[in-house]
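Biologist: I should like to understand how the parts of this structure are arranged. May we go through it in questions and answers?

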Amino acid sequence: MSKAKIFLCRCEDVTLGEFREAYTEGFTELESLKRYTGVGTGFCQGKGCLSEAAGELAVLRNIPAGEVRLTNIRPPAEPLTFAQLAALEVPAASDDTEDKS
Amino acid sequence: MARDKMAGEKVHIRFEGKTLECRPDTTVAVVLWENGVRCLSHSPKYGRPRGVTCARGHCTACLMRVDDIPNIRTCELSVREGMDIRRQDAGAFYAAPMQKMLAAGSAFFPVGFYYKWFTRPAALSRFFLDRIRPLTGVGRLPGAGHASRALPPGPGPQGPTAGPATDLGRFDTVIVGAGPSGLAAAAKATGRVLLLDDHEIPGGQRYGALRRLAEHPDRTLDRFGELRSSLERIEKLRDQFSTRDDVTFLHGTRAIAGYHPDSILLRCKDRLQSVKFSNLIWAAGALDTLGLFPGNDTPGVLGPRALYRLLVRDGLDVKGKHVLVIGGGLDFWMSAALLDAVGARLSLVVTDAGDSSAIPAAVDCQWPLSTGLELQGISGKGAQQLQASFTPDGSGGSRPDSQLTMDADLAVICNRAKPAYDVPYQLGGDVSLLPELGGFTLSNDSHLTAVGEAAGDLPGGPARPADEVDTP
């Protein structure tokens with residue numbers, strides 16, 4: 001049982017071991033770890049794994065948890081169909097919407 | 001999904017070509033479970049079996065192909081006569097050998113080859129995609145001729161048809177979540193107020209389960225003071241709320257996106273709506289944290305919130321099943337009481353050292369209880385059972401027997417839950433990781449306020465000292 005995999009991100013099948021390995025390969029920010037391992041990019045958009053991943057990163061880097069920089073979590077928070085979006089009547093998007101980075 | 005429908009009425013669905021007879025008043029995921037099908041999908045990379053996990057339409061585990069349309073959340077889909085349900089993944093058949101081959105030949109397979117190659121001519125692209133996608137674990141495309149069925153009712157090609165407005169306009173206060181903290185916020189809010197929740201009635205994630213306990217003849221609730229007072233608090237807030245006819249309540253609705261700092265997108269079933277606000281009160285509660293242990297993806301491992309939805313909302317039948325409840329806190333005792341009330345056989349493992357106040361009550365109920373153990377891992381045992389293994393945590397503790405492994409039909413893991421945080425982040429809120437509060441937590445500002453479990457409070461009351469708790 002000790003050899004069984006520990007899943008950090010179930011949607012993208014990222015194990016804790018893979019996440020740690022990616023860290024040792026030099027990916028030390030949550031954003032780059034997300035892009036490299038796929039953690040938090042699945043159907044649940046990080047609901048299942050991002051706080052665990054950030055907590056693990058804080059331990060790996062030996063920094064206070066509050067100092068871990070969060071990845072950019074873009075809307076929507078769950079997958080939608082084009083049909084759902086097309087049925088939405090919204091005023092034209094205004095120009096002052098800026099992407100946080 | 002009301003439970004008390006006419007008994008005896010049956011519907012028929014097809015699963016992988018086999019006809020199953022089932023009761024009509026529940027979800028596809030629950031019907032499959034009750035027919036012995038726990039594995040709803042296989043994970044994309046390792047081909048691991050996955051079963052219903054969040055029961056809330058968040059995770060990937062329950063995504064299936066329904067009437068030839070892939071990626072349908074079967075934990076939220078009511079059964080209907082004649083439905084055709086299939087697993088959509090190919091992982092079970094291809095994953096391990098195929099991915100080894102792809103990895104060995106990675107020089108010949110560039111990133112994203114499966115959607116870059118074979119795109120022309122168009123007629124052939126579909127033929128190739130239908131074969132390449134399964135190899136890479138992403139499943140088949142929707143069946144031909146079913147595209148129109150996937151469309152929700154809405155404006156057709158001829159332009160908008162008459163229907164409910166999708167822009168709800170502006171409210172002074174929008175409150176996301178109608179649990180105890182959301183209801184308390186609604187009681188104080190003035191002006192035009194909108195309250196929304198993904199449940200059908202206000203009261204929160206535990207209300208249905210607490211009501212079920214209160215109605216149960218064993219009166220287990222009376223033995224657990226904290227559960228009794230939770231229910232009393234929620235009922236008082238619900239009574240207060242019922243007099244507020246100036247508050248708009250949207251049920252079955254959840255906030256799913258913030259594209260602009262003063263408006264959010266809501267989803268009710270297949271329909272989206274947008275709403276503008278001056279103040280947003282984020283009372284969306286918390287999500288189950290299963291924890292990082294070997295085999296934490298085993299089908300049958302659930303958090304307490306998923307358990308409440310499966311047992312109370314969907315009426316999952318666990319009578320006579322052996323359920324292992326591991327962890328501590330209010331949800332631990334509540335899960336145990338609820339499982340006991342619906343006739344499951346319990347084994348409790350209290351792993352939260354600080355939480356021993358309710359142990360005498362559990363002993364009083366004659367629930368088998370172990371302490372001083374640490375969870376080592378869970379593995380599947382056959383298609384329908386699991387086995388949990390433990391090690392002594394060094395504190396001594398007590399166990400009814402010296403066994404360090406336990407077999408069960410189901411394992412409920414009650415850890416510190418994580419606050420929901422995504423939409424406040426998208427709205428520009430300052431979100432940071434505070435493990436002592438369960439996960440990412442929002443720093444409140446003038447127009448975004450998190451309350452209750454979404455702010456890191458423990459269920460039933462604030463985790464932080466009272467003077468630090470912001471009131472909306």
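Unusual backbone angles

Modeller: Let us begin with B:Asn71, which is partly exposed, with 16 other C-beta atoms within 10 Å. Please keep in mind throughout that this is a predicted model.

Biologist: Which element of chain B holds B:Asn71?

Modeller: B:Asn71 is not a glycine, yet its phi is positive, at about 60 degrees. Most residues other than glycine have a negative phi. The residue with this angle belongs to residues 69–73 of chain B, that is, to strand 6.

Biologist: Is A:Gln45 buried or exposed?

Modeller: A:Gln45 lies in the loop between helix 2 and helix 3 of chain A. Its phi is near 55 degrees, a positive value in a residue other than glycine. A residue counts as buried if 20 or more other C-beta atoms lie within 10 Å of its own. A:Gln45 has 21 other C-beta atoms within 10 Å, and therefore it is buried.

Biologist: What is the omega of the peptide bond from A:Pro75 to A:Pro76?

Modeller: Most peptide bonds are trans. A:Pro76 is placed in the loop between helix 3 and helix 4 of chain A. The bond that leads to A:Pro76 from A:Pro75 is cis, with omega near -5 degrees.

Biologist: What pattern does chain A follow along the sequence?

Modeller: Chain A has 101 residues, of which 37% count as buried. Its secondary structure comes to 4 helices and 2 strands. Read along the sequence, these elements give the pattern β-β-α-α-α-α.

Biologist: Within what arc do the buried residues of helix 2 of chain A fall?

Modeller: The buried residues of this helix are A:Leu30, A:Leu33, A:Lys34 and A:Thr37. Seen down the axis of helix 2 of chain A, they line one face of the helix, because they fall within an arc of 105 degrees. An α-helix has 3.6 residues a turn, so residues three or four places apart point the same way. The arc asked for is thus 105 degrees.

Biologist: Which elements are included in what covers the buried residues of helix 2 of chain A?

Modeller: Helix 2 of chain A spans residues 30–37, and just after it A:Gly38 takes a positive phi of about 90 degrees. The cover over the buried residues of helix 2 includes strand 2, helix 1 and helix 3 of chain A.

Biologist: Which element gives the largest share of the largest nonpolar core?

Modeller: In soluble globular proteins, nonpolar side chains tend to be buried together. The largest nonpolar core here has 144 residues, and A:Ala53, B:Trp282 and B:Val323 are among those with the most contacts inside it. The largest share of this core, 8 residues, comes from helix 9 of chain B.

Biologist: How many of the 12 residues of helix 9 of chain B are buried?

Modeller: The 12 residues of helix 9 of chain B should span 16 Å at 1.5 Å a residue, and its end C-alpha atoms are 16 Å apart, which agrees. Among its buried residues are B:Trp333, B:Ala336 and B:Leu339. The helix is largely enclosed by the rest of the structure, because the number of its residues that are buried is 11 of the 12.

Biologist: Which residue of strand 21 of chain B stands opposite B:Ala388?

Modeller: Strand 19 and strand 20 of chain B run antiparallel and are joined by 8 bridges; in this pair, B:Ile378 stands opposite B:Ala388. Their hairpin has 3 residues between the strands, and B:Gly382 in it takes a positive phi near 75 degrees. Strand 20 also pairs in the antiparallel sense with strand 21 of chain B, over 4 bridges. In strand 21, the residue opposite B:Ala388 is B:Met406.

Biologist: Which element gives the largest share of the side of chain B that touches chain A?

Modeller: The contact takes 51 residues from chain B and 41 residues from chain A. The elements that give two or more residues to the side of chain B include strand 13, strand 19 and helix 11 of chain B. By class, this side has 26 nonpolar, 18 polar and 7 charged residues. The largest share, 5 residues, comes from strand 11 of chain B.

How values were computed
Residues are numbered from 1 along each chain as its sequence is written. Chains are lettered from A and ligands numbered from 1 in the order in which they are written. This is a predicted model: local features need pLDDT of at least 70, side-chain atom pairs count only at pLDDT 80 or more; totals for chains, interfaces and linings use all residues. Two strands pair if DSSP finds at least two bridges between them. A nonpolar core is a set of buried Ala, Val, Leu, Ile, Met, Phe, Trp, Tyr and Cys residues joined through C-beta atoms within 7 Å. Two residues are in contact if their C-beta atoms, placed from the backbone, lie within 7 Å. Ala, Val, Leu, Ile, Met, Phe, Trp, Tyr, Cys and Pro count as nonpolar, Asp, Glu, Lys and Arg as charged, and the others, Gly among them, as polar. The expected span of a helix is 1.5 Å times one less than its number of residues. The arc is that of the directions from the helix axis to the C-beta atoms.
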